[in-house]
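Open the model in your viewer and keep the selection tool at hand. The tour below goes from one selection to the next and says what is there.

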Amino acid sequence: MREVGLDPTDREAPGVDRKAAVFALAERLTGVRVTDEVLAEAEFLTGHVLDEPAGSWESVTVDITDAHGERTLMQLRRDQL
């Protein structure tokens, strides 16, 4: 994090553009270079979290497809969290 200008203690280096640093960190983690073209052509998906009482759910499903097309699908039961 420090190499891209982010400080985990929340004391940012002077003159650091936080948004640029976050994109630089994402690039290092994923290997995907974020360019103007990538952002312009990207398909953005959003989700919606329903306001459910904390006691009413039994599991959570995580379904993520990364920029390389790799899918991560997990279902976690309440007792696993």
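**A patch on the surface**

Start by selecting Phe23, Leu39 and Phe44, which form a nonpolar patch on the surface. Together these three residues have about 320 Å² of accessible area. Keep in mind that this is a predicted model.

Now narrow the selection to Phe44, in the loop between helix H2 (36–41) and strand E1 (59–65). Phe44 counts as exposed because its relative accessibility is 62%, and the cut-off for exposed is over 50%.

**The whole chain**

Zoom out and colour by secondary structure. The protein has two helices and two strands, and their order along the sequence follows the pattern α-α-β-β.

Switch to a surface display next. The accessible surface of the protein comes to about 7400 Å², and carbon and sulfur atoms account for 53% of that area. Of the 81 residues in the protein, 6% are buried. Among the contacts with a separation of 6 or more, 15% are between residues 24 or more positions apart.

**Helix H1**

Select residues 18–30, which make up helix H1. This helix has 13 residues, and from its first C-alpha to its last it reaches 18 Å. That is close to the 18 Å expected at 1.5 Å a residue.

Go to the start of H1 and show the side chain of Asp17. A side-chain oxygen of Asp17 comes to within 3.1 Å of the backbone nitrogen of Lys19. Then move to the other end: just after H1, Gly31 takes a positive phi of about 80°.

**Leu6, before the helix**

Add Leu6, which lies in the segment before H1. Is Leu6 buried or exposed? With a relative accessibility of 6%, Leu6 counts as buried, since buried means under 20%. Select Ala21 as well: the C-alpha atoms of Leu6 and Ala21 are 6.5 Å apart, although 15 residues separate the two along the chain.

**The salt bridges**

Side chains of opposite charge can pair when their charged atoms come close. How many salt bridges does the structure hold? There are three salt bridges in the structure, and the tour takes each in turn.

Select Arg28 and Glu3. These two form a salt bridge, with 2.4 Å between the closest N and O atoms. The pair links distant parts of the chain, as Arg28 is in helix H1 and Glu3 is in the segment before H1, 25 residues apart. Arg28 counts as exposed because its relative accessibility is 53%. Glu3 is exposed too, at 67% relative accessibility.

Move on to Arg33 and Glu27, whose side chains meet in a salt bridge at 3.2 Å, N to O. Arg33 has 57% relative accessibility and therefore counts as exposed. Its partner Glu27 is partly exposed, with a relative accessible area of 26%.

Finish with Asp63 and Arg71. Their salt bridge has its closest N and O atoms 2.7 Å apart. Asp63 counts as partly exposed because its relative accessibility is 45%, while Arg71, at 53%, counts as exposed.

**A last view**

To end, show the stops of the tour together: the nonpolar patch of Phe23, Leu39 and Phe44, helix H1 at residues 18–30, buried Leu6, and the salt-bridge pairs, including Arg28 with Glu3.

How values were computed:
Residues numbered from 1 in each chain as written. Predicted model: local features only at pLDDT ≥ 70, side-chain atom pairs only at ≥ 80, totals over all residues. Heavy atoms only, no water. Patch = residues over 30% accessible without salt bridge, like charges linked within 9 Å, V, L, I, M, F, W, Y side chains within 5 Å. Areas by Shrake-Rupley, 256 points an atom, 1.4 Å probe, with all protein chains shown as cover. Salt bridge = Lys/Arg side-chain N within 4 Å of Asp/Glu carboxyl O. Helix = DSSP H or I, 4+ residues; strand = E, 2+ residues; numbered from the N terminus. Buried < 20%, exposed > 50% of the residue type's maximum accessible area, 1.4 Å probe, protein only. Expected span 1.5 Å × (residues − 1). Polar contact = N/O pair within 3.5 Å; in protein donor to acceptor, adjacent residues only side chain to side chain. Contact = heavy atoms within 4.5 Å.
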